[in-house]
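Hi everyone, thanks for coming. I'd like to walk you through a structure that's new to the group, so let's put it up on the screen.

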Amino acid sequence: MAAPVQTHDGCPQPRPDWVPDDAGPGFATWIMEGARPAGVSLAGKPAPRRRTLTLDDYVAGVRGRDANVIARAITLVESNAPAHQALAQQLLAKLLPHTGGARRIGITGIPGAGKSTFIEALGCDLIARGHRLAVLAVDPSSTISGGSILADKIRMEKLCRLPGAFIRPSPSGGSLGGVARKTREAILVCEAAGFDVVIVETVGVGQNEVAVRSMVDFFLVLMIAGAGDEMQGIKKGVIELADTLVINKADGDNRARATAALAEMRRVLRYLHPATAGWATQALLASALTGDGVGEVWRVTEDFFKTARSSGELERRRRAQAVEWMHALIGESLRARFYASPSVRARLAAVEQAVASGRQPALAAALELLELG
Ligand SMILES: Nc1nc2c(ncn2[C@@H]2O[C@H](COP(=O)(O)OP(=O)(O)OP(=O)(O)O)[C@@H](O)[C@H]2O)c(=O)[nH]1
Ligand SMILES: [Mg+2]
């Protein structure tokens, strides 16, 4: 017998056979739209596998601005599988001549400062002016807390739907170092795909800011009045990484407090070294919610790029970042090779124990292991 259709929240829903005929609305078994197990099509057959892309397909898709291929190319460069990494490196080598054309912008701030809301407001504005914008998230903590990716997607709902915008949640899996590598390479893919503005969003919870600063041209710190200096990293030197500080949520009852915080911030800035030579760090007010001040933030951002480009600072920073990154990669790979060495692995536990129990000084132990590696 075909399952009768009942209504649930006003929507007709098919009811499974095992549900008693007299079951009222409290009987919580319904076949929900979209509740199929992953990989199973409507007919109960496995969904068709996606076509494997060749290197040329990836290059053509990215250069041809095919959003689906761009997303897959980023997945490829994010992959930790050795087979994918080889292809990813070939892809990056092919794309490299087409990179470098975007304004690379980092945006940070404590949880709840309004980063996503701000990026949505700015992003919609940029798209309306004809820019193409990619937003990449760096949030190693999201692999632990789980939910923030979805939350971010929802908060950038309008932007998500605009042609010319591309939003990529944080790569899963791992250490800040791993996430930072993936994000750097994702920036390159986005540039090769013709995005002229790439925003890297990160939650300001410690080391993230430094990692993002080292991969962007312009770094914006979003703050809120009254959240406490300690929390917002003022004492941890985050302010000194910033090219522009924005006191967000300057609206309604909060406007007066935000204005006072702005004056205080401008005082503090007089005593600090600017993050970029030749550019005085700016402090501004904005409301991501109403959009007030968001246009001014972009005007200042463009001003920054004009100044840094003509002084040569932009070029110098990018070269220094590339060299610094190469050294970081060398360090990472030496370390991985060292710990993978069979003779190190054979001795490591014993040496660790000797150090822990105080029988061997740490330096002597390190030197002994390095001899083996
Ligand atoms: N009044 C006011 N509320 C804002 C403003 N910007 C953001 N909010 C609100 O602040 C809350 C947090 O905003 P988000 O944009 O999610 O903040 P976020 O910094 O991305 O937060 P995380 O992703 O959790 O780190 C939301 O409820 C927003 O609606 C603003 O300018 N004014
Ligand atoms: Mg957010």
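I'll start with the strands, then go to the ligand, a pair of helices and a few single residues. One thing up front: this is a predicted model.

Okay, find strand β6, residues 197-203. How many of the seven residues in β6 are buried? Seven of the seven, so it's mostly covered. If you look at which way the side chains go, V197, I199, E201 and V203 point one way, while V198, V200 and T202 point the other way. Whichever way they point, they're all buried.

So who sits beside β6? One partner is strand β3, residues 103-109, and the two pair in the parallel sense over seven bridges. To get your bearings there, I107 has E201 as its bridge partner in β6, and G109 is matched with V203. Another partner is strand β4, residues 133-138, which also runs parallel with β6, this time over six bridges. Here, look for A134, which stands opposite V198 in β6.

Let's stay with β3 for a moment. Seven of its seven residues are buried too. On one side you've got R103, I105, I107 and G109, and on the other R104, G106 and T108, so both faces are covered. Besides β6, β3 pairs with strand β7, residues 218-224, in the parallel sense over four bridges. And I107 turns up again: in β7, its bridge partner is L220.

Now, the ligand. Which residues come nearest to ligand 1? Out of 18 residues around it, those are G114, K115, S116, T117 and L289. Two helices, α4 (115-128) and α6 (148-155), each supply at least two residues of that shell. As for what the shell around ligand 1 is made of, count five nonpolar residues, eight polar and five charged.

Keep your eye on α4, please. Another helix to look at here is α11, residues 294-311: the axes of α4 and α11 come within 10 Å and cross at roughly 70°. That makes α4 roughly perpendicular to α11. As for the handedness, the crossing of α4 and α11 is right-handed.

Last stop, three residues in loops. First up is P97, in the loop between α3 (82-95) and β3. Is P97 buried or exposed? It has 8 other C-beta atoms within 10 Å, and the cut-off for exposed is 12 or fewer, so P97 counts as exposed. If you're tracing the chain, also look at A192: it's 95 residues away from P97 along the sequence, yet their C-alpha atoms are separated by 8.1 Å.

Next, R65, which you'll find in the loop between α1 (55-63) and α2 (67-78). R65 isn't a glycine, but it has a positive phi of about 60°. With 15 C-beta neighbours inside 10 Å, R65 counts as partly exposed.

And then K249, in the loop between β8 (244-248) and α10 (255-269). K249 has a positive phi as well, about 65°, and it isn't a glycine either. How is K249 placed, buried or exposed? Buried, because it has 26 C-beta neighbours inside 10 Å.

That's my tour, so over to you for questions.

Conventions:
Residues numbered from 1 in each chain as written. Chains lettered and ligands numbered in written order. Predicted model: local features only at pLDDT ≥ 70, side-chain atom pairs only at ≥ 80, totals over all residues. Buried ≥ 20, exposed ≤ 12 C-beta atoms within 10 Å, placed from the backbone. Pairing = 2+ DSSP bridges. Near = placed C-beta within 6 Å. Nonpolar A, V, L, I, M, F, W, Y, C, P; charged D, E, K, R; others polar. Axes fitted to C-alpha atoms, helices over the stretch in contact; angles between N-to-C directions. Parallel < 35°, antiparallel > 145°, perpendicular 65-115°, else oblique. Left-handed = near helix turned anticlockwise from the far one by under 90°.
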